[in-house]
Amino acid sequence: MLHDLADGARMLVRGFAFWRRDPGVMLLGLVPAAIVFALLVWGLVALGVGLPGLVDLATPFADAWQDFWRLAFRTLVAVVVFAGAAVLAFVTFTALTLIVGDPFYERIWAAVETDADGVAPGEGPGFWSGVRGSLVLVLQGLLSAVLVGLVGLVPVVGTVAAAVLGAVLTGRLLAHELTARALDASGIPPERRRALLRANRWRFLGFGVATQLCFLVPLGAIATMPAAVAGATLLARSALDSPELSREARPES
């Protein structure tokens with residue numbers, strides 16, 4: 001398990017190394033990431049500023065409590081809501097960036113595939129296929145945010161448990177969405193893709209969590225996005241070639 005987690009994280013490192021091979025195409029991938037990042041940061045800041053007042057309005061029953069308990073409860077609710085919003089922002093950032101920057105990230109995917117095979121790949125899954133996948137990711141991210149928020153309400157251990165759960169769920173979603181283009185282009189239908197993901201779950205999780213940690217660095221989301229697309233392409237190729245991939249998960253010839 002630990003070896004697979006580390007192997008998945010190394011795929012992100014290899015994605016960053018692709019800057020040396022084709023810096024021009026990687027540089028283009030920064031543009032949509034910067035636009036979406038600015039919008040989401042503005043949204044989180046606005047939420048953080050207005051959250052105390054919103055929590056007060058949503059919890060009028062706590063007005064009669066003692067000052068200590070009222071403040072502690074409302075602070076906990078505010079932290080849980082903001083943590084859930086942050087989880088959703090992580091996933092929404094990836095989904096929206098992939099939609100906005102689809103032509104740029106398709107060029108990164110094609111460049112990685114060409115570098116690996118020496119020949120240009122065929123057309124990818126298409127813009128609308130990517131949009132559908134990104135919308136599904138947003139929905140899954142919303143459900144994950146709600147779950148993380150509920151776990152965060154558990155006394156004593158809730159905050160730590162919510163942080164761990166959020167990292168695992170978000171990392172998994174990021175890995176699945178970022179590798180979708182390469183897997184779609186390989187002709188693997190959804191039911192067979194699920195078998196592939198199960199066989200390589202720890203590698204995908206390691207890649208997703210490493211990507212998420214890079215997103216936490218100031219401006220890291222912008223710098224990481226092109227490398228994440230390149231690394232996800234390499235991860236998908238590696239998973240398709242892995243001995244764990246059963247016959248049921250392989251595309252039909």
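Colleague: In which helix is the place of leucine 139?
Modeller: In this predicted model, leucine 139 belongs to a nonpolar surface patch together with Leu142, Leu143, Val146 and Leu150. The patch has about 490 Å² of accessible area in total. The element that holds leucine 139 spans residues 127–152 and is helix α6.

Colleague: How many helices and how many strands does the secondary structure of the protein chain come to?
Modeller: From the N terminus on, the elements run α-α-α-α-α-α-α-α-α-α-α. The secondary structure accordingly comes to zero strands and eleven helices.

Colleague: With which aspartate does arginine 70 form a salt bridge?
Modeller: Arginine 70 lies in helix α4, residues 67–100. Its side chain reaches the backbone oxygen of aspartate 63 at 3.4 Å, but a salt bridge requires a carboxyl oxygen of Asp or Glu within 4 Å of the side-chain nitrogen. The closest N and O atoms of the salt bridge are 2.6 Å apart, and the two residues, three apart in helix α4, are separated by about one helical turn. The partner is aspartate 67.

Colleague: Which parts does the salt bridge between arginine 74 and aspartate 63 tie together, and how many residues apart are they in sequence?
Modeller: The closest N and O atoms of arginine 74 and aspartate 63 are 2.6 Å apart. Arginine 74 lies in helix α4 and aspartate 63 in the loop between α3 (30–58) and α4, so the bridge ties together parts whose separation in sequence is eleven residues.

Colleague: Why does aspartate 7 count as buried, and is arginine 10 buried or partly exposed?
Modeller: The two side chains meet in a salt bridge at 3.5 Å, N to O, and both residues lie in helix α1 (residues 2–21). Aspartate 7 has 17% relative accessibility and therefore counts as buried, the limit being under 20%. Arginine 10 has a relative accessible area of 41%, which makes this residue partly exposed.

Colleague: Why is the pair of phenylalanine 93 and phenylalanine 215 edge-to-face or stacked?
Modeller: By the ring-pair rule there are six aromatic pairs. In this one the ring centres are 5.3 Å apart and the planes stand at 85°; planes over 60 degrees apart fall in the edge-to-face class. The pair of phenylalanine 93 and phenylalanine 215 is therefore edge-to-face.

Colleague: How many residues apart are phenylalanine 93 and phenylalanine 215?
Modeller: Both residues are buried, and ring pairs link them with Phe37 into a cluster. Phenylalanine 93 lies in helix α4 and phenylalanine 215 in helix α10 (residues 201–216), distant parts of the chain, and the separation is 122 residues.

Key:
Residues numbered from 1 in each chain as written. Predicted model: local features only at pLDDT ≥ 70, side-chain atom pairs only at ≥ 80, totals over all residues. Heavy atoms only, no water. Helix = DSSP H or I, 4+ residues; strand = E, 2+ residues; numbered from the N terminus. Polar contact = N/O pair within 3.5 Å; in protein donor to acceptor, adjacent residues only side chain to side chain. Phe/Tyr/Trp six-rings, centres within 6.5 Å; stacked < 30°, edge-to-face > 60°. Buried < 20%, exposed > 50% of the residue type's maximum accessible area, 1.4 Å probe, protein only. Patch = residues over 30% accessible without salt bridge, like charges linked within 9 Å, V, L, I, M, F, W, Y side chains within 5 Å. Areas by Shrake-Rupley, 256 points an atom, 1.4 Å probe, with all protein chains shown as cover.
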